[in-house]
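Trainee: I am new to this structure and would like a close look at one part of it. Please take me through a single strand and what surrounds it.

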Amino acid sequence: MQHPRLRIRNLQSPLAGPFSFDLEAGQCLTISGPSGAGKSLLLRMLCDLDPHTGEALLNGLPRSGMSAPAWRAGVIYQPAEAAWWLPTAGEHFKPAQMARVRELLPQLNLSPSLLESDITRLSTGERQRMALIRSLACQPQVLLLDEPTAALDPESVAATEALLQRELAAGLSIILVTHSEAQAQTLGHRSMTMRDRKLSENEATP
Ligand SMILES: Nc1ncnc2c1ncn2[C@@H]1O[C@H](COP(=O)(O)OP(=O)(O)OP(=O)(O)O)[C@@H](O)[C@H]1O
């Protein structure tokens with residue numbers, strides 16, 4: 001039997017939920033909703049950063065039977081403002097990731113020289129695109145993206161969306177929090193709305 005890429009059952013904390021849904025391989029689920037509705041709370045539970053009850057399964061394997069590092073190797077969370085803990089972006093990558101990183105940089109209109117620049121000198125938009133490269137370089141099965149284009153100009157938004165479409169076509173599953181209806185239409189196979197810390201599925205538009 002084929003398992004969904006991600007299966008969520010009654011995921012809940014005192015702050016949000018319960019949440020239950022399935023996400024297939026290569027599928028993008030977009031989540032929109034007002035500020036403070038609970039979107040980031042859901043993403044944090046999905047990647048096991050916040051305490052919760054309920055179950056999550058990756059390719060049929062329950063998280064309760066996995067170590068936290070094993071789960072987070074498969075399910076990667078990219079917050080709206082990613083943390084950087086070393087002086088340059090390049091130092092955040094393992095040598096084995098560098099071929100992939102050099103492939104991805106031009107796809108997001110980033111110069112390879114930015115890998116050596118002090119991370120604080122990168123613009124907000126450059127850091128946001130570099131954070132996406134950091135997430136993709138880990139080759140996740142499920143990518144949780146919290147407003148990944150919020151700081152970007154239209155050209156960079158288009159480049160990011162095109163890259164995400166290629167990744168989806170290659171089998172990556174994405175949960176995308178976005179305030180952009182156009183982005184939800186471009187990338188989403190399904191869309192949901194978060195209100196008062198509860199999710200509801202939106203009607204599919206023809
Ligand atoms: N650890 C916590 N303890 C108590 N309340 C919290 C905690 N973390 C978040 N909240 C509250 O839960 C609510 C939902 O927060 P969340 O960050 O999920 O919103 P959001 O939907 O992602 O909003 P935005 O679109 O502004 O990012 C907010 O009111 C927030 O203040």
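Mentor: What follows is an account of strand β7 and its surroundings.

Residues are numbered from 1 along each chain as its sequence is written. The model is predicted, so local features need pLDDT of at least 70 and side-chain atom pairs count only at pLDDT 80 or more, while totals for chains, interfaces and linings use all residues.

Strand β7 covers residues 142-146. Helices and strands here are DSSP runs, numbered from the N terminus, with at least four residues (H or I) for a helix and at least two (E) for a strand. Five of the five residues of β7 are buried. A residue is buried if 20 or more other C-beta atoms lie within 10 Å of its own, exposed if 12 or fewer, and partly exposed in between, with C-beta atoms placed from the backbone. In a regular strand the side chains alternate between the two faces of the sheet. In β7, V142, L144 and D146 lie on one side and L143 and L145 on the other, and both faces are covered.

Next come the partners of β7. Two strands pair if DSSP finds at least two bridges between them. Strand β6 (residues 75-78) pairs with β7 in the parallel sense over four bridges, and I76 has L143 in β7 as its bridge partner. Strand β8 (residues 173-177) also pairs with β7 in the parallel sense, over five bridges. Within that pairing, D146 stands opposite V177 in β8.

The path from β7 to β8 involves a helix. β7, helix α5 (residues 154-169) and β8 make a right-handed β-α-β unit. A crossover is right-handed if, with the strands pointing away from the viewer, the path from the first strand over the helix to the second runs clockwise.

T178 is in the loop between β8 and α6 (181-187). T178 counts as buried because it has 22 C-beta neighbours inside 10 Å. T178 and P148 are 30 residues apart in sequence, yet their C-alpha atoms are 7.9 Å apart in space. Apart from its neighbours within four places in sequence, T178 is in contact with T30, S32, E147, Q183 and A184. Contact means that the C-beta atoms of two residues, placed from the backbone, lie within 7 Å.

L144 of β7 also belongs to the largest nonpolar core, which has 35 residues. Such a core is a set of buried Ala, Val, Leu, Ile, Met, Phe, Trp, Tyr and Cys residues joined through C-beta atoms within 7 Å. The members that touch the most others are L42, L43, L46, L144, I174, I175 and L176. Helix α1 gives the most to this core, with five residues. Leaving aside neighbours within four places in sequence, I175 is in contact with L23, L29, I31, L43 and L144. In soluble globular proteins, nonpolar side chains tend to be buried together. A second, separate core of eleven residues includes M130, L132, I133 and A137.

Last is the loop leading into β7. Q139 is found between α4 (124-137) and β7. Q139 has a positive phi of about 50° although it is not a glycine. With 12 C-beta neighbours inside 10 Å, Q139 counts as exposed, whereas the five residues of β7 are buried.
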